[in-house]
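Visitor: Could you walk me through this structure? I would like to start with the packing.

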Amino acid sequence: MIKNTETKSYIITFSIILSVIIGSLLSIIYINLKYYQDKNKKNEKYQNILKCININTSVSSAQKQYNKYIKKIIVVNNLGKILNIEKDFDIDIVYEKRKNIKNQKMPIYIANNNNITYYIIPLIGQGLWGEIFGYISFNKNLRVYRIVLDHKSETPGLGAEINQSFFLNLFNGEYIFDNNGNYMGITIVKGNEDPKNINKKNNQIDGISGATKTCDGVSEMLINNIKFYLPFFKSL
Amino acid sequence: MFFKNLSLIKEPLNKNNPITVQILGICSALAVTTKMLSSLVMSISVIVVLSIGSMIISFIRKIIPKQIRIIVQLVIISSLVIIVDQFITAYYYNISKQLSVFVSLIITNCIIMGRFEAFALFNNPWRSFLDGLGNGIGYSIILLIISFIREFLGSGSILGINILGDPINKSLFYSIGYCNNGFMFLPPMALITIGTIIWIQNINKINNNK
């Protein structure tokens, strides 16, 4: 039985032993589970990229379907120059975005479904409370085909709704250039008089009530991320 | 022995409910109850962390130095939450995506610290486990009631399934002019809902005493 638990030496010893035990336990658990967690994240990435060409797949067949539909990955810089062509699945977009724009290398996933070619680009941005991210696909006319969005910590029921189909479907067929060929991106607006987004040429999407800041983050993410690829797309 | 300790599970369900009587965990009751699914995930996590955490704190209660007991409790809670999150990310990835937002909320949930201080530090591990379990279930019941009301009135759905029709395509009730009550997503409405539940509970208590 420990008699005196209030001496300085006991407190320090207890703290050190507790820290070592907890730290070791958490490290062992992390190392042993890392393989499964990485596999889940990779499968999720396959599924999200495939959703951009309207292919919904289960976790177990995600990699097989990805290999079937994604023909190649191109890595480009901000001038549209192709840096290398390889199946480089693991480019860290967050890390690339932190570099100077001249040094960034960003991937484009080139997919083929029913003999139609699609260009899928990753998206990364800032929502209200944390990171927002996703993928957007274009056909050869640079109209949006599909978009997939997700978030780390947006408000449930409000900003978190950006990953729901009722919102994502509004982007289908949207134009990113105006009638004069100027790049506009896609802006999410309040009080849009076209709530079902029937007019695809206005470069606007109706926002989610109560999620203004998250939607502003999505607009900024779309405008900035797509802009990077414009020199490449113009060369097509 | 189990029946002797049954009151530890029964009391927090109503008479000594952590949210409506002890007034603990109000923050998470406001934050996570916009959707029933989030509340369900949060409830299960709190039950696990509270019951196992109480048992661990009770095991080491005689060797924890008084001066750093709060820090020790925080370390135990944080570690349990991280362990739960790591396992769910590995084996139930879709659920972990719902949980990740609320991981930090579990650590700051005062129900857990409150029960450690009020019970686990003074009772044996089995009783502490039962107390954690009972309070976790009592917390979950209130959370699910509030989230049911907020989600149903706020978006016309339960657990993500549209009950009143499709608000986008205006079907069922929406076709005759029904509108979702957007106020339900705001924290003050959660407080009003909790207040109403406390009011009903107090009326019941007075009537039972008569």
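Guide: The following exchange covers a nonpolar core and then helix packing. This is a predicted model, where local features need pLDDT of at least 70, side-chain atom pairs count only at pLDDT 80 or more, and totals for chains, interfaces and linings use all residues. Residues are numbered from 1 along each chain as written, chains are lettered from A and ligands numbered from 1 in written order, and side-chain values use heavy atoms, without hydrogens and water.

Visitor: Which residues touch the most other members of the largest nonpolar core?

Guide: They are Ile136(A), Phe138(A), Phe167(A), Phe171(A) and Leu222(A), out of 44 residues. Such a core joins buried (under 20% relative accessible area, 1.4 Å probe, protein chains only) Ala, Val, Leu, Ile, Met, Phe, Trp, Tyr and Cys residues through side-chain atoms within 4.5 Å.

Visitor: Which element gives the most to this core?

Guide: H5(A) does, with 10 residues; helices here are DSSP runs (H or I, at least four residues) numbered from the N terminus.

Visitor: Turning to chain B, at what angle do H3 and H8 pack?

Guide: Helix H3 (residues 36-59) and helix H8 (residues 125-155) of chain B pack at about 165°, their axes 8 Å apart. Axes are lines fitted to C-alpha atoms over the stretch in contact, with angles from 0 to 180 degrees between N-to-C directions. H3(B) and H8(B) are therefore roughly antiparallel (over 145 degrees).

Visitor: And how are H8(B) and H9(B) oriented to each other?

Guide: The axes of H8(B) and helix H9 (residues 187-209) of chain B come within 10 Å and cross at roughly 125°. H8(B) and H9(B) are therefore oblique, meaning outside the ranges under 35, 65 to 115 and over 145 degrees.

Definitions and conventions: Buried < 20%, exposed > 50% of the residue type's maximum accessible area, 1.4 Å probe, protein only. Helix = DSSP H or I, 4+ residues; strand = E, 2+ residues; numbered from the N terminus.
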